[in-house]
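Here are my notes on the fold, set out point by point. Please read them with the model open.

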Amino acid sequence: MVITGSAWDTALKQLDDAARIMNLDPGVHEVLRHPRRALEVSVPTRMDDGSIRVFQGYRVHHNTSRGPSKGGIRYHPGVDLDEVKALAMWMTWKCAVVNIPYGGAKGGVVVDPAELSLGELQRMTRRYASELVPLIGPEKDIPAPDLGTNEQIMAWIMDTYSTREGFSVPGVVTGKPMAIGGSAGRPMATARGVMYITLATLKHLGMSVEESRVVVQGFGNVGGGTVQLLHDMGCRIVAVSDVAGGVYNPEGLSPQGLFAHKEKGGRLVEYEGGQAVTNPELLELDCDVLVPAALEGQLTGANADRIKASVIVEGANGPTTPEADEIFHERGILLVPDILANAGGVTVSYFEWVQDLQAFYWSEDEVNDRLRKIMEQSYVDVLAVAEDRKITMRNAATILGVQRVADAHQTRGLYP
Ligand code: NAD
């Protein structure tokens with residue numbers, strides 16, 4: 001297969017590699033190479049000046065053999081159907097790797113949310129949600145936040161769906177505010193999962209937490225939380241970036257200072273506690289742990305030779321291309337793949353959904369403790385496959401996920 005570098009090509013290549021290594025039944029392999037269903041919607045939206053703009057939106061269900069589908073909604077100008085298909089496929093493996101009873105889905109709208117007023121964002125979100133009604137629901141498909149979306153957007157989706165039903169349906173989305181059935185611990189869950197996985201990796205490699213220098217690309221929900229939590233654990237955060245670029249200080253950056261600077265509307269490149277770096281430079285900085293937590297396709301055949309980290313923990317989905325994977329493997333860099341490393345978000349989304357269905361809510365300590373157990377167990381499970389078969393953590397995690405999905409599919413049988 002020719003690798004063109006799109007997220008969908010990457011996702012297919014990862015599945016094909018896993019299928020080859022595990023000798024997957026060719027029929028099941030073929031089923032899993034295709035999303036179960038994909039919906040493309042137009043989202044006509046009244047703008048503040050009275051004009052109408054039509055946004056393009058998508059929702060893809062990749063697989064539902066293990067349960068209802070689950071996956072975030074992305075608002076970004078670069079969203080397209082192939083990207084949403086790739087993200088949906090990764091969700092299928094991710095839910096299976098952490099062994100929660102979901103299939104994979106993803107949604108997206110081609111939009112830069114920063115360009116819309118709050119009113120425009122709300123109207124666009126509500127219309128998009130109403131277009132998704134045939135696909136979503138607590139028993140069918142449960143959206144959550146992703147790049148460019150947040151708990152307020154989840155609240156509007158929940159309200160739109162509930163208004164149509166005529167009663168409150170908190171279980172239709174996760175990542176909601178606590179006031180309407182959100183879970184304690186959800187906002188930091190993805191970052192907390194990245195932190196547990198980073199600590200497990202350092203322990204496995206015999207590396208010291210306190211002496212670890214960490215670089216994080218992205219300072220949103222995942223990147224910002226990871227900076228905070230790894231700093232709290234004793235790691236030294238030496239660089240961090242947002243879309244405009246980053247800041248580097250080999251002596252360490254203070255998360256408190258970074259958050260205060262961001263809250264005042266500052267860009268990280270202008271932060272006075274270090275020197276400015278571009279995003280490409282940031283990835284190549286001298287460090288022990290690199291956490292890409294922004295977008296796909298950041299670590300490629302073009303820069304993988306120059307990456308200095310000994311450990312890469314994928315906070316983002318799909319930040320590494322297959323060419324870069326091979327180079328890291330040859331260079332002895334341990335890469336912990338997205339479908340394991342950032343699975344903390346969907347795990348606590350699962351807890352949120354369980355709490356909503358039971359209308360019985362847990363304390364934050366309970367949530368964090370259950371999350372830690374699942375992340376640590378999943379790390380051990382993936383590492384065992386990697387060591388047993390002498391393969392990369394990426395291949396091992398994909399094989400574990402694909403095997404669990406294939407077992408469910410084959411047990412249920414092909415309809416009709
Ligand atoms: P977010 O919108 O909260 O933050 C994104 C961050 O990335 C921002 O700091 C932004 O400035 C930065 N960024 C955007 N474009 C960039 C670029 N070209 N170069 C460098 N930085 C850039 O998004 P998020 O929810 O933190 O998601 C980040 C990644 O993590 C995505 O790949 C997403 O799919 C993945 N993820 C998110 C969750 C979740 O629970 N939010 C769960 C699992 C995986």
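The points below take the two sheets and one helix pair in turn.

1. Status of the model. This is a predicted model. Please keep that in mind for every value that follows.

2. First sheet, strand order. Five strands make up an open sheet with mixed pairing. Reading across, the order is β1-β2-β4-β3-β5. The edges are β1, residues 37–46, and β5, residues 141–145. Each of these edge strands pairs on one side only. From one strand to the next, the twist averages 25 degrees.

3. The β1 edge. Which way do β1 and β2 run relative to each other, parallel or antiparallel? They are antiparallel, and ten bridges join them. Strand β2 covers residues 52–63. For a spot check, take Pro-44: its bridge partner in β2 is Val-54.

4. Helix on the first sheet. Helix α4, residues 118–132, packs on this sheet. It touches β1, β2, β3 (69–76) and β4 (103–110). The direction of α4 makes about 145 degrees with that of β1.

5. The α4 and α5 pair. Helix α4 also has a helical partner, α5, which spans residues 151–165. Their axes come within 9 Å. The crossing angle is roughly 50 degrees, so α4 is oblique to α5. The angle falls between the 35 degrees under which a pair counts as roughly parallel and the 65 degrees at which roughly perpendicular begins. The crossing is right-handed.

6. What lies in that contact. From α4 come Leu-118, Leu-121, Gln-122, Thr-125, Arg-126, Ala-129 and Ser-130. From α5 come Ile-153, Trp-156, Ile-157, Asp-159, Thr-160 and Arg-164. How many of the contact residues are nonpolar, polar and charged? The contact of α4 with α5 has six nonpolar, four polar and three charged residues.

7. Second sheet, strand order. Seven strands form another open sheet, again with mixed pairing. The order here is β9-β8-β7-β6-β10-β11-β12. Strands β9 (275–277) and β12 (334–336) are the edges, each pairing on one side only. The twist averages 20 degrees from one strand to the next.

8. The β12 edge. Strand β11, residues 311–313, pairs with β12 in the parallel sense. Three bridges hold this pairing in the assignment. Within it, Ile-312 stands opposite Leu-335 of β12. Please check this parallel pair alongside the antiparallel β1 and β2. In general, strands of a sheet pair through backbone hydrogen bonds, in either sense, parallel or antiparallel.

How values were computed. Residues are numbered from 1 along each chain as its sequence is written. This is a predicted model: local features need pLDDT of at least 70, side-chain atom pairs count only at pLDDT 80 or more; totals for chains, interfaces and linings use all residues. Side-chain values use heavy atoms; hydrogens and water are left out. Two strands pair if DSSP finds at least two bridges between them. Helices (H or I, at least four residues) and strands (E, at least two) are DSSP runs, numbered from the N terminus. Axes are lines fitted to C-alpha atoms, for helices over the stretch in contact, and angles run from 0 to 180 degrees between N-to-C directions. Contact means heavy atoms within 4.5 Å. Angles under 35 degrees count as roughly parallel, over 145 as roughly antiparallel, 65 to 115 as roughly perpendicular and the rest as oblique. A crossing is left-handed if the near helix is turned anticlockwise from the far one by less than a right angle, and right-handed if clockwise. Ala, Val, Leu, Ile, Met, Phe, Trp, Tyr, Cys and Pro count as nonpolar, Asp, Glu, Lys and Arg as charged, and the others, Gly among them, as polar.
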